[in-house]
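The following exercises concern aromatic rings and the charged groups that lie over them. Work through each task with the structure open before reading its solution.

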Amino acid sequence: MKKFYEMGRDERLDFIKSAAGLSGDEAASFGAPLAFESADRMVENAVGIMSVPLGIATNFVINGVERLVPMAIEEPSVIAAASKAAKIAKARGGFTAKADRSLMIGQVQVVSVKNIAGAKRKVLAKKKEILAIANAKSKSVAAVGLGVREVRDASRNRMGRMLVVELTIDAKDAMGANAVNTMCEAIAPKVAEITGGEVVLKILSNYATKRMVRCKAVFDKGELGGSEIVKRILYAYALAHSDVYRAVTHNKGVMNGIDAVALATGQDFRAIEAGAHAYAARDGTYRSLTRWWRTKEGDLAGEIELPLAVGIVGGVANVNPTAKVALKIMSVKSAQELAMAMAAAGLAQNLAAIRALSAEGIQAGHMRLHARKFGK
């Protein structure tokens, strides 16, 4: 059999159609330009559609399941590099991943509160009532928790002490932004009444720290180029962990993988980026999103951990047929499975980038593909 990258477009589509069980219409529509009428419903003042190349990363085995991974990105070498890294991981069993429940955080900001401590107690005493108001606004998701905290950082906040009432909402298989925002707006009048303060913001947080995903894999030292390359990769990781100038570029490589899958499947990649970079700086210094170490056998092991709020229902997938088919090609049955596949793509792309940097240099492979694609 031909390798996937050796096939022509029609052969690739036939392969995907068979592997993913696509109908003829689904296969024909995959990657087709978005209809202007759909674009006009999605954004204001629409005048056209901006196309982005869409490809398939292969060789991904995640928790024992082999998946084709659609990636939408304009940068050469990313899909090839991720596929190669996934192939190396496959020799050691592939990627092992876990994802938390789809818990999102919604925030209601309360200012001009005279008695902060008393207001906190009153809100918590009315927890059941507040949750009932929130849940009356949705049948698909559920508010499952409520907390209150004070914000009083004098060095950065010149507007005085304030309260933040936080809803914890189980978004299930949706990303959940619209539902969370609706719930926050619904409880705002009751929160203002209870606290005696003024409500300002009523919105979700894209820092989805209750919705974490973790993924790890082992990469054979021989396939990477030997023990010396493993050592050089570890030096590269050490710099990314310690130096913000390197960490930003290191994490850009991680997000090449994650964002490309996010765009292909209709996710909010700006929210994903914001949450990921905040998490990279959680200890006060911006660091690598990945961690790398040498196993006792001398192979390279890596893992990634980050907040990842994604969905397989609602959102762009309802409007963009390509995103809908991309999810079917991945064969993900839950938001958690999608998050795990995206984390695996991020880890694979990071490994490919630092392996290239530690060996022949990034330009050798990246620019060779760039020249081949663009004729320069």
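**Exercise 1.** In this predicted model, determine whether F60 is buried or exposed, and classify the ring pair that F60 forms with F95.

*Solution.* Begin with accessibility: F60 has a relative accessible area of 0%, and because buried means under 20%, F60 is buried. A search of the whole structure finds 4 aromatic pairs, and one of them joins F60 to F95, with 5.5 Å centre to centre and 15° between the planes. Since planes under 30 degrees apart count as stacked, this pair is stacked. Finally, place the two rings in the chain: F60 belongs to strand 1 (residues 54–62), whereas F95 sits in the loop between helix 4 (78–90) and strand 3 (96–99), 35 residues apart, and the pair thus links distant parts of the chain.

**Exercise 2.** Classify the pair of F95 and F219, and state which parts of the chain the pair ties together.

*Solution.* F95 is buried at 1% relative accessibility, and F219 is likewise buried, at 0%. Their ring centres are 6.4 Å apart with 70° between the planes, and because an angle over 60 degrees counts as edge-to-face, the pair is edge-to-face. F219 lies in strand 8 (residues 212–219) and F95 in the loop between helix 4 and strand 3, so the pair ties together parts that are 124 residues apart in sequence. As a last step, one aromatic cluster is formed by F60, F95, F219 and W292.

**Exercise 3.** Over the faces of which rings do R270 and R282 lie?

*Solution.* R270 lies over the face of F269, at 4.8 Å from the ring centre, while R282 lies over the face of Y279, at 3.9 Å from the ring centre.

Key. Residues numbered from 1 in each chain as written. Predicted model: local features only at pLDDT ≥ 70, side-chain atom pairs only at ≥ 80, totals over all residues. Heavy atoms only, no water. Phe/Tyr/Trp six-rings, centres within 6.5 Å; stacked < 30°, edge-to-face > 60°. Helix = DSSP H or I, 4+ residues; strand = E, 2+ residues; numbered from the N terminus. Buried < 20%, exposed > 50% of the residue type's maximum accessible area, 1.4 Å probe, protein only. Lys NZ or Arg CZ within 6 Å of the ring centre and 35° of its normal.
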